[in-house]
Amino acid sequence: ELVKEHGPVPPARILYLMRQVCDALAEAHGHGLIHRDIKPANIFCAYRGGVFDVAKLLDFGLAKPLTDASDSGLTQEGSITGSPLFMSPEQAGSEEVDGRSDVYSLGAVMYYMATGKAPFEYASPLKVMIAHASEDPEPPRYLNGDIPAELEEVILHSLEKRPGDRYQTVAELREALDRVPVDSEWTARMAADWWNNYGCPQRKAM
């Protein structure tokens, strides 16, 4: 909703939100759980404890233990779990997945936040899944020149086809985000100002 109503998210705000998401996912991975359904709809910009833009990673309904090899992406024969627009190539191919699959999905979400588009957008979910496995996404800066080159590099590295070519842990991804330079950091005060000016009309009406 944030992207659809207001367009691509400013780089500083992407970093502010995604660092929090990385921390949440790192905790899940630390408990041996992979999420398997990371997508924009499962990341909320919440208001908690008097603070705006608290990132909440939701819906662990598809989460599986990292040590559980009994389910590599299929709930039943021919049925793939997850959301094709943000699904890793190995998950789309019904292969065994680990935390690096979630890293790919985070990269796809960041791509969407930065450009307003998913990495691959086809009418057919099957074509989308094939694209994740075989096509290179258009560089984000082709779609939004305001993206720092360093953030584009982080996004594309997260979206590498082979798990071994990506960040190996979400902590590595978090560290890479910390190194991305921005003109000014997004802060809790800036988030509060933004929500007071542009926040949910239904919430304001209440």
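## Starting at D53

D53 is buried, with a relative accessible area of 0%. This is a predicted model, so read what follows with that label attached. The residue sits in strand β3, and D53 has a positive phi of about 60° even though it is not a glycine. As background, most residues other than glycine have a negative phi.

R36 makes a good companion case. R36 isn't a glycine either, and its phi is positive at about 75°. R36 belongs to the loop between β1 (33–34) and β2. Buried or exposed, then, for R36? R36 counts as buried, at 5% relative accessibility.

## The β2–β3 hairpin

Strand β2 takes in residues 43–48 and strand β3 takes in residues 51–57, and the two pair in the antiparallel sense over 5 bridges. Which residue of β3 is the bridge partner of A46? That would be V54. The hairpin of β2 and β3 has 2 residues between the strands, and in this hairpin G49 takes a positive phi near 60°.

## The whole chain in brief

Zooming out, the protein has 206 residues, and buried residues make up 44% of them. The secondary structure comes to 10 helices and 6 strands. If you take the contacts with a separation of 6 or more, 66% of them are accounted for by residues 24 or more positions apart.

As for the outside, the accessible surface comes to about 10,600 Å². Carbon and sulfur atoms own 50% of that surface.

## The nonpolar core

In general, nonpolar side chains tend to be buried together in soluble globular proteins. Here the largest nonpolar core has 47 residues, and L106, L173 and L177 are the ones with the most contacts inside it. At least two residues of this core come from each of α1 (2–6), α2 (11–30), β3, α4 (99–115), α7 (149–158), α8 (170–178) and α9 (188–198). Helix α4 supplies the largest share, 10 residues.

What does L173 touch, leaving aside its neighbours within four places in sequence? L173 is in contact with C22, V103, L106, M110, V154, S158 and Y167. One of those partners, C22, counts as buried at 2% relative accessibility.

## Cysteines

C45 gives another reading from C22: C45 is partly exposed, with a relative accessible area of 27%, while C22 is buried at 2%. How many disulfides does the count give? The count comes to 0 disulfides. For reference, a disulfide is a covalent bond between the sulfur atoms of two cysteines.

## Two sides of α5

Helix α5 runs over residues 125–134, and V128, M129, A131 and H132 are buried there. These residues lie on the same side of α5, because they cover an arc of only 155° around the axis. On the other side of α5 you'll find L126, K127 and S134, which are exposed.

## S101 in α4

S101 lies in helix α4, and with a relative accessible area of 1% it is buried. Which residues does S101 contact once its neighbours within four places in sequence are left aside? They are S88, E90, Q91 and R166.

## Loops that meet distant residues

P119 is placed in the loop between α4 and α5, and at 9% relative accessibility P119 counts as buried. P119 and P137 are 18 residues apart along the chain, yet their C-alpha atoms are separated by 5.4 Å. P137 also turns up among the contacts of P119, together with L85, A108, Y111 and L159, when neighbours within four places in sequence are left aside.

K39 is a loop residue too, found between β1 and β2, but K39 counts as partly exposed, at 23% relative accessibility. Not counting residues up to four places away in sequence, K39 touches S83, F86 and V109. Its C-alpha is 9.6 Å from that of P84, with the two positions 45 residues apart in sequence numbering.

Conventions. Residues numbered from 1 in each chain as written. Predicted model: local features only at pLDDT ≥ 70, side-chain atom pairs only at ≥ 80, totals over all residues. Heavy atoms only, no water. Disulfide = S-S within 2.5 Å. Buried < 20%, exposed > 50% of the residue type's maximum accessible area, 1.4 Å probe, protein only. Pairing = 2+ DSSP bridges. Helix = DSSP H or I, 4+ residues; strand = E, 2+ residues; numbered from the N terminus. Arc of directions from axis to C-beta. Core = buried A, V, L, I, M, F, W, Y, C linked by side-chain atoms within 4.5 Å. Contact = heavy atoms within 4.5 Å. Areas by Shrake-Rupley, 256 points an atom, 1.4 Å probe, with all protein chains shown as cover.
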